[in-house]
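Please keep the structure open in your viewer as you read, and make each selection as it is named.

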Amino acid sequence: MSAAEDLRDLYRELILDHARKPRHFGKLANATHEAEGINPLCGDKLHLYLRIDDDASIADATFEGSGCAISVASASLLTDIVTGLETEVLDDLVDTITTRLSGKHKDKELDERLSKLRALEGVSEFPARVKCATLAWHALRSAIHNDKDAATTE
Ligand code: ZN
């Protein structure tokens, strides 16, 4: 088996692991920010909760909802990644990630924290799945900006 295939298997494992056992799953009782994300094309629906501290960093992030393996894995990875980050970096982060996942730009190196997202980058070959993978990140943007309307991929 080639190194590339090994890596693909590893990524598939990571996605399935997060889809089967999502991290930070459930409602966040003391959430300060929240948003809904809907991907009508696939039927993915999730609700993202954030607790943002006085120093404007994310103290906690959780999500609930249901959807395909990719949407759930992406949301699970998101909650892992954003915890501890300052909110002022999040807009850039969402841009970087949605651009990468849609395959528009990949040559920028990912830092250590984002390296797990490489597992999701395979979706860029499948436009319909890009919406599954980016759904949680659109919801993240809505949550930080306190948009009341659900973030939708359509
Ligand atoms: Zn989906």
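Is C42 buried, partly exposed or exposed? With a relative accessibility of 37%, C42 counts as partly exposed, where buried means under 20% relative accessible area, exposed over 50%, and partly exposed in between, computed with a 1.4 Å probe on protein chains only. Before going further, note that this is a predicted model, in which local features need pLDDT of at least 70 and side-chain atom pairs count only at pLDDT 80 or more, while totals for chains, interfaces and linings use all residues. Residues are numbered from 1 along each chain as its sequence is written, and side-chain values use heavy atoms, with hydrogens and water left out.

**The zinc site**

Select the zinc ion, which is coordinated by the SG atoms of C42, C68 and C132 together with two OD entries from D44, at 2.2 to 2.7 Å. Donors are N, O and S atoms within 2.8 Å of the metal (3.2 Å for Na, K and Ca), and because water is not among the atoms, sites may look incomplete. Along the sequence, the donor residues follow the spacing C-x1-D-x23-C-x63-C. Stay on D44, which counts as buried because its relative accessibility is 1%.

**The aromatic pair**

Next, select F25 and F63 for the 1 aromatic pair that the structure holds; rings of Phe, Tyr and Trp (its six-membered ring) pair if their centres lie within 6.5 Å, and planes under 30 degrees apart count as stacked, over 60 as edge-to-face and the rest as tilted. The ring centres of F25 and F63 are 5.1 Å apart and the planes stand at 85°, so this pair is edge-to-face. Because F25 lies in the loop between helix 1 (3-20) and strand 1 (33-39) and F63 in strand 3 (residues 58-66), the pair ties together parts that are 38 residues apart in sequence; helices (H or I, at least four residues) and strands (E, at least two) are DSSP runs numbered from the N terminus. F25 is partly exposed at 45% relative accessibility, whereas F63 is buried, with a relative accessible area of 1%.

**Salt bridges**

A search of the whole structure finds 9 salt bridges, each a side-chain nitrogen of Lys or Arg within 4 Å of a carboxyl oxygen of Asp or Glu. Select K116 and D80, whose side chains meet in one of them at 3.2 Å, N to O. K116 belongs to the loop between helix 3 (90-101) and helix 4 (127-144) and D80 to helix 2 (residues 69-82), so this salt bridge ties together parts that are 36 residues apart in sequence. Then move to D91 and R141, another salt bridge, with the closest N and O atoms 3.6 Å apart. This pair links distant parts of the chain, with D91 in helix 3 and R141 in helix 4, 50 residues apart. Finally, select D17, K21 and R23, which salt bridges with shared partners join into one network.

**The nonpolar core**

End with the largest nonpolar core, which has 39 residues, and in which L50, V82, L90, L93, W137 and L140 have the most contacts; such a core is a set of buried Ala, Val, Leu, Ile, Met, Phe, Trp, Tyr and Cys residues joined through side-chain atoms within 4.5 Å. Strand 2 (44-52), strand 3, helix 2, helix 3 and helix 4 are the elements that give two or more residues to this core, and helix 4 gives the most, with 10 residues. Select L140 last: leaving aside residues up to four places away in sequence, L140 touches L48, L50, L78, V82, L90 and V94, a contact meaning heavy atoms within 4.5 Å.
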